[in-house]
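Please keep the model open in your viewer and follow the stops below in order, making each selection before reading on.

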Amino acid sequence: LEIFYSRRVGKSIDGEAIPILGGLKITNKSRDWNLGMLGAYTDSYQDTTMYNIDEPNRWFGALRARRSIFENSDIGILFSGTAVDAETRNCALGIDAVYRNGPNQIIVQGALSSMKDSLQDKYGFALDAGYFGFMKNFITMAMARVIQDSFDVNHIGFVPWVGSKKFMFGTGPYIECQRGPVRRFFVAPSVTVTQEPFTSEWSYLGAIETNFAFRNEWGFDFSVSAGPYNEAPYPGVDTNYFRRELDFSIWGNLFANSFNAGCNYEYGWNYLRNCLAYQGTNRITYNYSIIPQLSVGLAVYHWIEWNEQNEIIYTWPMFRPQASVRFNSDITLNIFDEIVTQTPGTDFGELQLLQNRVGLFFSWNFRPKSWIYIALNDYREQDMYGDLQPIYQIAAVKAKYLIYF
């Protein structure tokens, strides 16, 4: 439950970023305590020509305190808020705790929200809890999440599935092998019960996950899930269908460098096309170190969309080459080029370049726990004539300096 989401500060409205007039962040860390405070003030923004937007000046604030308990556990509190004036505000208060005992972990988080403006004055709560651990030779996972309809942190946080309820429990044998090619593996069946927003109907999914880790540092994870699902893409629009999903991942060292690949296929609601259909994703990432100071990598993603007649209507290949230069232990430079393309159906001869984003990130740790960051971004999109046009170019400089009191 992200009751504070930093991208709400200076948020984008119709592609235009709200200017941040000033901000301050203070942190303190000791053996038992971790404290942080943040404040920011944003400028106003008006656009009466097309969208009739009138965004006023806003104050943003967040306060975080966390204390270590029982040596390896902690408990914390987080307050976040934004306000225009006394009559227009959005704030939230959250309490969270983590209990760890060896590989076993229990996490609990609760939050209250308050939203007040000229149109509404409402309060809500949300609860999120989870467990991961071992009961003898069985791996066990459980979670529960309840988000009230009136819970609202839209101006300060990010909680997309307001009004939802979800409960999951899974357990299965976990085996560590003393010899042979397999280092460890587990097989974990699970059951998930969900109530989506805008519907009173419940959904039920059964799943099974298999995970193998080998002594040669390779491994794979395979899971399938299926069950009757009830979803309301929009208020008053109920959709009942049989949901199914397959997910596969494999990883390891290829030529002494990291390799990762996988795929995901599911049948569910396509929010972009407003229909029930299959969707798929294939992915491959590989990073290669040419010399200790220089590494290059390539990430390839391939999204696939079907229509209701099970015909492929679009594929979306995305390529992301990148390079990382480590001048020394304190100075690094990362460069990437993200290329998004599209093909109608499976006709790769009609491949179109839709978007291109070039980025650069420089980091210098010039003294203990003090950094200078420089980031550059150039983003372009295809226009109606098929040409790439610049949308924005952004440069940012950030300095972080540790002060000893």
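Which element gives the most to the nonpolar patch? It is β8, with three residues, strands here being DSSP runs of E with at least two residues and helices runs of H or I with at least four, both numbered from the N terminus. Before going further, note that this is a predicted model, in which local features need pLDDT of at least 70 and side-chain atom pairs count only at pLDDT 80 or more, while totals for chains, interfaces and linings use all residues. Residues are numbered from 1 along each chain as its sequence is written, and side-chain values use heavy atoms, with hydrogens and water left out.

**The whole chain**

With everything displayed, you should find 25 strands and zero helices, and the C-alpha atoms fill a box of roughly 60 × 55 × 55 Å along the principal axes. Of the 405 residues, 31% are buried, where buried means under 20% relative accessible area, exposed means over 50%, and partly exposed lies in between (1.4 Å probe, protein chains only). The accessible surface comes to about 24400 Å², 59% of it belonging to carbon and sulfur atoms; accessible areas come from the Shrake-Rupley method with a 1.4 Å probe, and for residues only the protein chains shown count as cover. Among contacts (heavy atoms within 4.5 Å) with a separation of 6 or more, 43% come from residues 24 or more positions apart.

**The nonpolar patch**

Select Leu-24, Ile-26, Met-37, Leu-63, Ile-75, Ile-77, Phe-79, Leu-93 and Ile-95, which make a nonpolar surface patch of about 810 Å². The elements that give two or more residues to the patch are β3 (20-29), β8 (73-85) and β9 (88-101). Patches are made of residues with over 30% relative accessible area and no salt bridge, like charges being joined within 9 Å and nonpolar side chains (Val, Leu, Ile, Met, Phe, Trp, Tyr) within 5 Å. Centre next on Leu-63, which lies in strand β7 (residues 58-69) and is partly exposed, at a relative accessible area of 44%.

**Strand β7 and its partners**

Keep β7 selected and add strand β4 (residues 33-42), which runs antiparallel to β7 and is joined to it by ten bridges; two strands pair if DSSP finds at least two bridges between them. On this side, Leu-35 stands opposite Ala-65 in β7. Then add β8, which also runs antiparallel to β7, with eleven bridges joining the two, and look for Ile-69 with its bridge partner Ser-73 in β8. β7 and β8 form a hairpin with three residues between them, and Phe-70 in the turn has a positive phi of about 50°.

**Salt bridges**

Which residue forms a salt bridge with Asp-74? The partner is Arg-100, with the closest N and O atoms 3.3 Å apart; a salt bridge is a side-chain nitrogen of Lys or Arg within 4 Å of a carboxyl oxygen of Asp or Glu. This pair links distant parts of the chain, as Asp-74 is in strand β8 and Arg-100 in strand β9, 26 residues apart. Asp-74 is buried, at 12% relative accessible area, whereas Arg-100 is partly exposed, at 28%.

Move on to Glu-338 and Arg-357, whose salt bridge has its closest N and O atoms 3.8 Å apart. Here strand β22 (residues 331-344), which holds Glu-338, is linked to strand β23 (residues 352-367), which holds Arg-357, the two residues being 19 apart. The structure holds 14 salt bridges, and those that share partners join Glu-87, Lys-116 and Asp-121 into one network.

**Inside the protein**

Select Ile-3, Leu-78, Ala-92, Ala-111, Ala-126, Ile-147, Phe-151, Val-153, Ile-156 and Val-159, the ten residues of the largest nonpolar core. Such a core is a set of buried Ala, Val, Leu, Ile, Met, Phe, Trp, Tyr and Cys residues joined through side-chain atoms within 4.5 Å. Apart from the largest core lies another, of six residues, among them Tyr-241, Tyr-267, Trp-269 and Leu-276.

Finish at Tyr-229 in strand β16 (residues 219-234), which counts as buried at 7% relative accessibility. Leaving aside neighbours within four places in sequence, Tyr-229 has contacts that include Thr-194, Glu-196, Tyr-241 and Arg-243. The C-alpha atoms of Tyr-229 and Tyr-204 are 6.4 Å apart in space, although 25 residues separate the two in sequence.
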